[in-house]
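Please look through the structure below with some patience, since the paragraphs after it lead from an open space in the protein to its repeats, its surface and its charged pairs.

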Amino acid sequence: MGSVKKDNRLTGSQGFMCIGFAGFFSRTVTSPLEVVKIKSQVGTFHSKRGFCQSFLLVYNNEGLRGFWKGNLASCLRLFPYNALHLTTYRKIVHLHMDELGFISQWRAIFAGGLAGVVAALATYPLEVVETRLIAQNCRQPTYMGVVHTLSKIYRSEGLLALYRGFSLTVLGAFPFSIGCYAVYMNLDKIWQEPPFRFSPLQNFISGCLAAGVSQTLSYPFETVKRKMQAQSARLPHCGGVDVHFNGMIDCFIQVVKNKGVLSLWNGLTANIIKIVPCFGLLYTCFEMCKQVCLYRNGYIVSPLSSQLAPGVDQSLGPHELQEVKRYLKNRNFGSGESSIGNRW
C-alpha cells in the first residue's frame with residue numbers, strides 16, 4: 001500500500017512554482033542529451049555514427065546553440081502540463097482513497113498514467129514544436145521560434161498536424177505504467193525493507209530505476225511518435241526522418257523493415273544517461289525552492305538550513321500559521337498598551 005502525501009506547509013502556488021522552476025532548470029541543463037535523443041529517434045544524419053559522435057556532429061553543423069533547440073518549447077510546456085497533471089492526478093486519487101487516505105500502488109500508478117495522458121493532450125502541440133525545432137538545422141531553419149512554428153504548422157498542414165502521433169502517447173502509457181508498477185511492487189525485495197523506511201537516497205535510486213525500466217518498455221512508441229511529429233511532405237527531406245510512411249502502423253512496419261527492430265530503441269543511451277542528472281537536478285532544485293518557501297512561511301530558521309523554527313506548530317497550514325502569528329501579535333500589543341495605560 002502507498003500513501004499519497006504532500007507538504008501542507010506550502011501553498012498551492014508555492015508548490016506549483018517549485019515544481020515548475022525545478023523542471024525548467026533540470027531540462028535546460030540536460031537539453032543536449034534530449035537533442036541527441038530526439039535526433040536519434042527521428043533518424044537525422046547526426047545519429048548515423050553513434051552516441052558520442054552525435055554530439056560532435058551537432059556542434060560542427062549547428063554550433064553550441066544547437067544543443068538547446070526546442071528547449072523553450074519544452075520549458076513552456078512544463079507549467080500547464082504540471083498543473084493539469086497534478087490536478088487530474090489528485091482528482092483520480094481522491095476517488096480511490098480509503099477512509100484513512102491510503103491507495104493501492106497499482107491504482108496510484110494508473111492514476112499517474114491517466115493524468116499524464118490528459119496533460120499531454122492539452123500540451124501536445126508544444127511537443128510537436130519541440131520535435132520540429134530539434135530536427136531542423138538551426139543554421140538553415142524552416143521555423144523561427146515557438147510561435148512561428150505553431151502558426152506555420154497550423155497554416156500549412158492543418159490543426160491535426162499539431163496532434164500527429166498523439167495516439168502513441170496513449171498506447172505508450174500502458175507499458176510505462178507496467179514498468180513503474182513492476183519496479184515499485186518489488187522495492188521491498190530490492191532494499192530488503194519496507195518502503196516507509198527508505199532514505200532519501202533510496203527513494204531517489206528507486207525513482208531513477210522506475211523511470212529507466214518504464215521508459216525502456218515504452219520507448220518504441222516514443223520513437224514512432226517522434227518520427228510522426230517530424231515527418232512532413234512540406235519540409236526539406238520530409239523533416240529529416242530516416243523512413244517514410246503513412247500512419248502509425250505503417251511507420252512501425254517501415255522502421256522494422258528498413259532499419260531493424262532495435263532501431264525502435266535509437267537514442268535510448270542518451271535517454272538513460274539523462275535520467276540520473278535530470279532527476280537529481282529536479283529533486284535538488286525542488287528542495288532548494290521548498291526551503292526558501294518554508295523560510296518565508298516561517299517554518300524553518302533559514303533557507304540554508306532544515307532546522308525547524310522554535311515554537312512553531314509544523315502541522316499548521318501556511319495561512320493558519322499566519323493567522324496564529326497575527327493573533328499573538330495583536331494580543332501582545334493589546335496587553336502592552338493596557339500596561340502602559342495603567343502606569344499613567
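When residues are sorted by character, Ala, Val, Leu, Ile, Met, Phe, Trp, Tyr, Cys and Pro count as nonpolar, Asp, Glu, Lys and Arg as charged, and the others, Gly among them, as polar. The model shown here is a predicted one, and this sorting can be applied to its second largest pocket, which holds about 390 Å³ of space. Of the 17 residues that line this pocket, A135, Q136, P236, H237 and G240 are the closest to its centre, and the lining as a whole divides into seven nonpolar, nine polar and one charged residue.

Turning to the chain itself, an unreviewed UniProt entry carries the annotation "repeat: Solcar" for residues 14-95, 103-190 and 198-292. Residues 103-190 are 75% helix and 1% strand, with end C-alpha atoms that lie 22 Å apart, while residues 198-292 are 72% helix and 0% strand, with end C-alpha atoms 25 Å apart.

On the surface, W106, F110, L114, V118, Y181 and M185 together make a nonpolar patch of about 550 Å². Helix 5, which covers residues 105-135, gives the most to this patch, with four residues, and F110 has its place in that helix.

Side chains of opposite charge can pair when their charged atoms come close. The structure holds 15 salt bridges, and one of them joins K37 with E34, whose closest N and O atoms are 3.4 Å apart. Both K37 and E34 belong to helix 2, residues 31-42, where three residues, or about one turn of the helix, separate them.

Methods. Residues are numbered from 1 along each chain as its sequence is written. This is a predicted model: local features need pLDDT of at least 70, side-chain atom pairs count only at pLDDT 80 or more; totals for chains, interfaces and linings use all residues. Side-chain values use heavy atoms; hydrogens and water are left out. On a 1 Å grid over the protein atoms alone, a cavity is a set of points where a 1.4 Å probe fits but cannot get out, and a pocket is an open set with protein on both sides within 12 Å along at least five of seven lines; lining residues have an atom within 4 Å of a point. Grid points are joined across faces, edges and corners, and a volume is the space filled by probe spheres set on the points. UniProt positions are given in the numbering used here, feature names are shortened, and annotations may be inferred rather than shown by experiment. Helices (H or I, at least four residues) and strands (E, at least two) are DSSP runs, numbered from the N terminus. Patches are made of residues with over 30% relative accessible area and no salt bridge: like charges are joined within 9 Å, nonpolar side chains (Val, Leu, Ile, Met, Phe, Trp, Tyr) within 5 Å. Accessible areas come from the Shrake-Rupley method with a 1.4 Å probe; for residues, only the protein chains shown count as cover. A salt bridge is a side-chain nitrogen of Lys or Arg within 4 Å of a carboxyl oxygen of Asp or Glu.
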